[in-house]
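Trainee: I should like to work through this structure with you, beginning with its strands and ending with its ligand. May we look at it together?

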Amino acid sequence: MKSEKYDFDLIVIGAGMIGIAISLAYSKKGLKVLLVEKNSSFGTGISSRNSEVIHAGIYYPKDSLKAKFCRRGMKLLYDYCKQKRIANKKVGKLIVQTSSCQENKLREIYKNGLANGCNELRVLDQNDLNKLEPEVKGLNAIWSPNTGIVDSHSCMETMILEFEKEDGIVVFNEFLSNIDPTNAGMECSLSDSTIIRTKKLINSTGLQSALLTHCIKGFPKEKIMQISLCKGTYFGYSKPVPFSHLVYPIPNKEGLGIHYTLDLNSEGRFGPDTEWVHNENYDLNEARTEQAFIEIRKYWPKCDPSKLRPIYSGIRPKIGTKNKFHKDFMIQSSEQHNIPGLINLFGIDSPGLTSALALAEYLSDHYI
Ligand SMILES: Cc1cc2nc3c(=O)[nH]c(=O)nc-3n(C[C@H](O)[C@H](O)[C@H](O)COP(=O)(O)OP(=O)(O)OC[C@H]3O[C@@H](n4cnc5c(N)ncnc54)[C@H](O)[C@@H]3O)c2cc1C
C-alpha cells in the first residue's frame, strides 16, 4: 500500500467476530470496505477466549441492545452455520436453582426470557431435572433448548473468506495511529505513513475501544469511555464430566456465574470466574481453583477439587468501573460525539459472539 492514496466507503478497525461480521454486512451492500487488524491474524482477541455458546437471550433486560441483538443474532448465526456448514450443536442449557431462596430469582429469569421472546423455555422440577442431568443437584431449573455451541474460529474464517469474495480488503499487522476527521470523512495514517481516506469508520477494537478514541483528532474528551477489564478464568476437569447439556447457576451481580460448557469435541470446562484486572494479561492462577470449586459443588456435589485446574482465560470489556458498570452494549455515533461517519462500539462482552450478525445487520441498515 506504500505511498498511494486509497479511498474507502468504510474502514472497520479490529478483526474479531464483531468487526468481521460488520465488514461482511457492509461489503454485501456494495460498499468498499477495508478491515484493519493490529495482530497477524483474525480473532486473536476476546473472540478466541470465550465459551463459544450461542445464547438464547434469556437474561438481558427487555429492549436492551443485548436482548435485541442476542435473540436475532442467535437465529442469524444458526442459519449462517447451516448455510456454510460451520460446526455447531443445539445442546440445550439448564439454569439451576440450588437453594430455596433463589426461587423468586429463577421465576424472574423465566419471565424475563418470555418477555424477550424465548417462548421455548420450560421450568423443570427436581424430577425432570434429574432425568436430564442425574448428577446435577437442584430444586428447579429453566430448560433452554435453543442454546447451543459453535466453532467460532471457523465462523470467523468463513466470514473473512466471504468478505474477500465481496472485494473486501483485510490488512493484518497494521495499527491506525492517527485518525483525522475531515469534511469528506476521515483521513487515517497507516504505520508506514500512508494516508488513507474513508467516508466512515467503525471502531470495533474490543478491549482497546477506548484507547482508539484517543487517536481521533478532536474527539470530545467527555465521550471517551472508561473501559474496565474483567478477567474470567476457565477450569478443566481431568475426568469426563457426566453432563450432556450446558449447566448454569443463577447469575450473580457480575455475570452468569461459574457454569459448565462443552465444546464440539464434547470436552467440558467450568468458568469463567470474575477478577477485575488493570491490564490485559491472560496468566493462570492455581489459587483461583478453590473458589471455583465452592461455586461448582453447589450444583455438582460430586465435583472433586483435585481434578480441577485453570486452563485458559478471557477478558470482558466493561464500560465503567468494578462498582458501577453499564450492563449493555454501547453504539456511539455522531449523535453523541458530533463526528460524522464515526461509530464506536463499547462494552461488547457476552453475548457478543451470538449477537455479531444482528449487530452488523443493524449497523449496515441504519448507518449506510
Ligand atoms: C470470558 C468470556 C466469555 C464469553 N462467552 C461468550 C459466549 O459464550 N457467547 C457469546 O455470545 N459471547 C461470549 N463472550 C463475548 C464475545 O466473546 C465477545 O463479545 C466478542 O468476541 C467480541 O468481539 P470483538 O470483535 O468486539 O472483540 P475482539 O475479538 O477482541 O476483536 C477486536 C480486535 O481489534 C484488534 N485491535 C485492537 N486495537 C486495534 C487497533 N488500534 N488497530 C487494529 N486492530 C486493533 C484486536 O487485536 C482484536 O483482534 C464472552 C466474552 C468473554 C470475555
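Mentor: Please keep in mind that this is a predicted model. We may begin with an open sheet of three strands, paired in the antiparallel sense and ordered E3-E8-E4.

Trainee: Which strands stand at the edges of this sheet?

Mentor: An edge strand has a single partner strand, so one side of it is left without a neighbour in the sheet. In the order E3-E8-E4, the strands in that position are E3 (53–54) and E4 (88–89).

Trainee: Which residue of E8 is the bridge partner of Ile54?

Mentor: E3 pairs with E8 (residues 148–150) through two bridges, in the antiparallel sense. For Ile54, the bridge partner in E8 is Gly148.

Trainee: How is helix H2 oriented relative to helix H9?

Mentor: The axes of H2 (residues 65–84) and H9 (residues 352–366) come within 6 Å and cross at roughly 100°. An angle of 65 to 115 degrees counts as roughly perpendicular. H2 is therefore, relative to H9, roughly perpendicular.

Trainee: How many residues of the contact of H2 with H9 are nonpolar?

Mentor: H2 contributes residues including Phe69, Met74 and Leu77, while Leu353, Leu357 and Tyr362 are among those from H9. Three residues of the contact are polar and three are charged, whereas the number of nonpolar ones is eleven.

Trainee: How far is an oxygen atom of the ligand from an N or O atom in the side chain of Ser47?

Mentor: Ser47 is one of the residues that come nearest among the 38 around the ligand. For the side chain of Asn50, the corresponding distance to a ligand oxygen is 3.0 Å. For the side chain of Ser47, the distance is 2.5 Å.

Conventions
Residues are numbered from 1 along each chain as its sequence is written. This is a predicted model: local features need pLDDT of at least 70, side-chain atom pairs count only at pLDDT 80 or more; totals for chains, interfaces and linings use all residues. Side-chain values use heavy atoms; hydrogens and water are left out. Axes are lines fitted to C-alpha atoms, for helices over the stretch in contact, and angles run from 0 to 180 degrees between N-to-C directions. Helices (H or I, at least four residues) and strands (E, at least two) are DSSP runs, numbered from the N terminus. Angles under 35 degrees count as roughly parallel, over 145 as roughly antiparallel, 65 to 115 as roughly perpendicular and the rest as oblique. Contact means heavy atoms within 4.5 Å. Ala, Val, Leu, Ile, Met, Phe, Trp, Tyr, Cys and Pro count as nonpolar, Asp, Glu, Lys and Arg as charged, and the others, Gly among them, as polar. Two strands pair if DSSP finds at least two bridges between them. A residue is near a molecule or strand if one of its heavy atoms lies within 4 Å of it. A polar contact is a pair of N or O atoms within 3.5 Å; within protein, one must be able to donate a hydrogen and the other to accept it, and residues adjacent in sequence count only if both atoms are side-chain atoms.
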